[in-house]
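Please open the model in your viewer and keep the sequence panel beside it, since each stop on this tour begins with a selection.

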Amino acid sequence: MKDWFTVERLDCETFAISEYRHWEQTHCYLLLGTRSALLIDTGLGIANLRKVVDSLTKLPVLAVTTHVHWDHIGGHGLFGKIAVHEKEESWLSGGFPLPLEVVKRNLTRLPCDFPAEFDLASYRIFQGKPEQILGDGDWIDLGGRRVQAVHTPGHSPGHCCFYEPERGYLYTGDLIYQGCLDAFYPTTNPELFFQSVQKIRRLAFGRVLPGHFNLDVPIDLTRRVEAAFAGLRQAGKLKQGGGLFDFGDFQIHI
């Protein structure tokens, strides 16, 4: 299990916990305050994330959700306190939008050396009642450290980024990363995706911390993603079914 996760210290109170052995290469982020800790996303649910978190802190942990997709809520059941944006509360508590069989196909889409204790037959999508419902602009106070939920719909209706103005960190989930940005699912909205990128561009940040792939994201990526969406809108292609567009170190699928 310990080899499944890679733990990287971003500063003395912030850790990235990554699943590089899977094709999704998901990242969760553990933020430590003086009174409590915040865990942004819980990954795939393939191995026991709680053991890793407990090895890093003894503080009480709140798990917040950038969005309710299977690869971001896999370990939610290991944590007693969960927060989610109001527009995806129903997805988390009984209305997950994909059948289990589709999730399992995605999970095993590419060859993967799963840990020995992982049993695909018993894999389940987390469903449960969140303790806290988040709205746009809500603050989470960890004690000496405050994090803001920023509603950024488009990839999903309740997608949120999490913003730390004091440290200049922006945790972007599936809104910004170096890979394929997806807005082609029935529950996505390409126009809202573009508006959300514009929204975060107004924030003052010095580091982008994505939900997938390369952790060392170029700071100009958000500007380039915004420009790419603007070009697609101008060309009349910013609508579902528009296609897959390649911009070098990122793609947009609509």
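Begin by selecting strand 1 and strand 2, which form a hairpin with two residues between them. Bear in mind throughout that you are looking at a predicted model. The two strands of this hairpin pair in the antiparallel sense, over five bridges, and if you show side chains you can pick out Val 7, which stands opposite Ile 17 in strand 2. Strands of a sheet pair through backbone hydrogen bonds, in either a parallel or an antiparallel sense.

Now widen the selection to the sheet to which this hairpin belongs, an open sheet of seven strands in the order 1-2-3-4-5-6-7 with mixed pairing. At its edges you will find strand 1 (6–11) and strand 7 (132–134), each of which pairs on one side only. As you step from one strand to the next, the twist averages 25°.

Within this sheet, select residues 26–32 and 37–40, which are strand 3 and strand 4; they pair in the antiparallel sense over four bridges. Here Leu 30 is the residue that stands opposite Leu 39 in strand 4. Add helix 1 (residues 49–56), which packs on the sheet and touches strand 1, strand 2 (14–19), strand 3, strand 4 and strand 5 (61–64). If you view helix 1 together with strand 2, their directions make an angle of about 155°.

Next, colour the aromatic side chains, among which the count comes to 10 aromatic pairs. One of them is formed by Trp 4 and Phe 114, a stacked pair with 6.1 Å centre to centre and 20° between the planes. Trp 4 lies in the segment before strand 1, whereas Phe 114 lies in the loop between helix 3 and strand 7, so this pair ties together parts that are 110 residues apart in sequence.

Move on to the other group of strands, selecting strands 8, 9, 10, 11 and 13: these five strands form an open sheet in the order 8-9-10-11-13, and the pairing is mixed. Strand 8 (139–141) and strand 13 (207–210) stand at the edges with a single partner strand each, so one side of each is left without a neighbour in the sheet. The twist here averages 25° from one strand to the next. To see a parallel pairing, select strand 11 (residues 169–173) with strand 13, which are joined over four bridges; in this pairing, Tyr 171 stands opposite Leu 209 in strand 13.

For the last stop, show a surface and look for the largest pocket, whose volume is about 580 Å³. Which residues lie nearest its centre? Select Glu 24, Trp 70, Asn 106, Asp 182 and Tyr 185, which hold that position among the 23 residues of the lining. Helix 3 (100–107) and strand 12 (180–182) each supply at least two residues of this lining. Coloured by class, the lining shows 12 nonpolar, six polar and five charged residues.

Conventions. Residues numbered from 1 in each chain as written. Predicted model: local features only at pLDDT ≥ 70, side-chain atom pairs only at ≥ 80, totals over all residues. Heavy atoms only, no water. 1 Å grid on protein atoms, 1.4 Å probe; cavity = no way out; pocket = protein on both sides within 12 Å on 5 of 7 lines; lining within 4 Å. Points joined across faces, edges and corners; volume = space filled by probe spheres on them. Nonpolar A, V, L, I, M, F, W, Y, C, P; charged D, E, K, R; others polar. Pairing = 2+ DSSP bridges. Axes fitted to C-alpha atoms, helices over the stretch in contact; angles between N-to-C directions. Contact = heavy atoms within 4.5 Å. Phe/Tyr/Trp six-rings, centres within 6.5 Å; stacked < 30°, edge-to-face > 60°.
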